[in-house]
Amino acid sequence: MSWFIIYSIFVLVLSAVAVILLFTLQMFQHTHFLPIFLLVVLYSFSVIMFAFMITPFFDKSRTAGVLGNFAVTMLSLMYFIQVFVDASSSVSFWVVSLLSPTGVALAMDKALVLDLQGQGVNFDNLWSGPGIPFGGSLVMMTLDIFLYGLLAYYLDSVVPSEYGIKRPAWFCFTPGYWCRKKVQRIPSSNGESNSFIPEEEANRDVEPVVREMKGREAIRIVDLYKSYQKCRRAEVKAVNGINLTIYEGQITAILGHNGAGKTTLFNILTGLTAPTAGTALIFGYDVRDSNDMQMIRSMTGVCPQHDILFDLLTPREHLQFFAAVRGIPRAEVDIEVKKTLKDIDLMEKADTFAKYLSGGQKRKLSVGIAIIGDPKIIILDEPTAGVDPYSRRQMWSFLQSRRHGKVILLTTHFMDEADILADRKAVISKGKLRCCGSSLFLKNKFGIGYHLTLVLEGNGRVHAISRLVSSYVAKAEKARRHGRELSFILPHNSVENFAPLFSAIEQEIKTKGARLGISSYGVSMTTLEEVFLHLEKDEETECTMDNLSKKMVRNRALSRSLSLQSKSTSYQSLQNEGGTVQPDGQIKTNTGDLPDGVHNDKNPNILGLGLEPVKTRPNFCQILYAMLRLRCLRLIRNIQLLYFTIVAPLALVVLGLYLNSIQTAVKMQTLELDN
């Protein structure tokens, strides 16, 4: 609608210019200007709707423009039907007038004939004459506008394209189209959240959720498939049978290599791509149903993988526009925009055009667009890509504070970010769910245990140190010797022997009794990055899990010494904001003795700005006003477009009027006609 209004304003101006030019050059000498002006305006409106109608059949604007102009030209040739049809039978003329190019040609022909006869078109003979009257052409042109508009809406809904979920051809006759469902929560089956997805429950690589999370299922992905197949190319399965449950009040990270299917999964959840098979239920709404997708979109905020911004709008104007579209009351828009700008740390750049922002600032603006309006579901596709470390930490704290009562899904290639920020991590490989769980579950499941790193002096005795370690942890294995560092792998099931081992090492460092040459030591757990690399290698080879892990550790060229104290201080910024670090590196907020992944919503430790619930009431007028304001701002700030659409036509009209005023009148001599 906003596009139609903007283009309508253009054609109103251009139609007025064209009519003024026609009558100034005395193309019509006996015709009233108003009928001609109405004809040109209505035809221009019908052409706009005709362009909307054929849009669903094209993916490229240039192709649509060329073929659209060709179609209008060919349809106007139907004007010659009057050569083959008796003028007294006007039914055929009314029928062909459903094609607006033909209708305007017939109307203009009648106007020229009447003007040459000395009558012209005026309000007295508007409905007279053989064939279709001039007034009838105006009526049919008005009918064409509404007819093309309805066809444009219908074809846009049913014609398949690369993006979006299409409706069946009979969608307008279904009760669901006229009567929308209310939001309903997903019922649990006998208190077991995974009973709805037996494949996920049977997967041993998926961590079972705690009892407190039962009944808080927000998104259920069931046997989801998405495949792409082009002519003479093999079928590509971007999503290959994913089963996953995502819970409310948690941050879930979707991890995977490039091309694993993460973005395709997000596109399906947001309705940008239709699934080939399977489905996903979001708070009871089915992503395959286009009516349900309208409700899903109304409660979803999305930060896409690539920044989609308007170069000639500022961050403030971006947020104002999306706040209006989200349905925030106009009186509260400025307050919410200011809060969001503070949250994403863009107050200093609030009034700078987006094209002058850095890559990280554009990324933060995309995140701000996703979270404004307090959406129930927040989907972030690599939100911290290109963002500086300070802003990354600030965004972590901000997202942690926003997760209460919401569903936050994100993808990232920073394993430390997923380790600290996400409650659950789901690893996708080749379109399939490889595993899912907390950091501790994944490290215990796929890790190799703990890494003991000893820093030796110049006279370090490697064999004696190995005997010392093996005397306390029998299954300890030497990983590598790199420079003055000696590393051992300590298995998980020998944790009870760690304390005596560490005491013996510390005693040796202090007393130098055995002259082993140890100057210091450190111990660390398997990192999430190693787990991820492990899973990726496990997909490519058939080696055993232990051999893969040990080989991976031995081949690391850089030092892995990391003391427990430095492990804790690496998360100091989040600790100072009210969280505590678990031994596995996870953050646990001060919400009481709750299980991992469960948060106390009664007294949440909320940080940041803009966390008060925002009441949104989307309405057509507010959205239309926001769209019109957006189009006008972009037009005014685009000098070239403004020149070629407004200034150039007016200049040509002025030039034509000037040339007409200075031309010399040619006197025509009268001719005598023979009897």
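**Exercise 1. Determine how helix α2 passes helix α3, and which residues make the contact.**

Step 1. Helix α2 passes α3 in a right-handed crossing; a crossing is right-handed if the near helix is turned clockwise from the far one by less than a right angle, and left-handed if anticlockwise. Helices (H or I, at least four residues) and strands (E, at least two) are DSSP runs, numbered from the N terminus.

Step 2. The model is predicted: local features need pLDDT of at least 70, side-chain atom pairs count only at pLDDT 80 or more, and totals for chains, interfaces and linings use all residues. Residues are numbered from 1 along each chain as its sequence is written, and side-chain values use heavy atoms, with hydrogens and water left out.

Step 3. The axes of α2 (residues 33-54) and α3 (residues 61-76) come within 11 Å and cross at roughly 125 degrees. Axes are lines fitted to C-alpha atoms, for helices over the stretch in contact, and angles run from 0 to 180 degrees between N-to-C directions.

Step 4. The two helices α2 and α3 are therefore oblique to each other; angles under 35 degrees count as roughly parallel, over 145 as roughly antiparallel, 65 to 115 as roughly perpendicular and the rest as oblique.

Step 5. From α2, the residues Y43, F50 and I54 meet A64, G68, A71, V72 and L75 of α3. The residues of this contact divide into seven nonpolar, one polar and no charged.

**Exercise 2. Establish the strand order of the open sheet of six strands, and identify its edge strands.**

Step 1. The order is β6-β7-β8-β3-β9-β10, with mixed pairing; two strands pair if DSSP finds at least two bridges between them.

Step 2. The edge strands are β6 (300-303) and β10 (432-437), each of which pairs on one side only.

Step 3. Strand β9 (residues 424-429) pairs with β10 in the antiparallel sense over five bridges, and V427 stands opposite C435 in β10.

**Exercise 3. Describe the surroundings of helix α18 and the pairing of strand β11.**

Step 1. In α18 (residues 462-472), the buried residues (under 20% relative accessible area, 1.4 Å probe, protein chains only) are V462, A464, I465, S466, L468 and V469.

Step 2. These buried residues pack against β11 (450-456), β12 (477-482), β13 (485-490), α19 (498-511) and β14 (518-525).

Step 3. Strand β11 is itself mostly covered, with five of its seven residues buried. Six bridges pair β11 with β13 in the antiparallel sense, and Y450 has L490 in β13 as its bridge partner.

Step 4. Strands β11 and β14 run antiparallel and are joined by seven bridges; V455 stands opposite S520 in β14.

Methods:
Buried means under 20% relative accessible area, exposed over 50%, partly exposed in between (1.4 Å probe, protein chains only). Contact means heavy atoms within 4.5 Å. Ala, Val, Leu, Ile, Met, Phe, Trp, Tyr, Cys and Pro count as nonpolar, Asp, Glu, Lys and Arg as charged, and the others, Gly among them, as polar.
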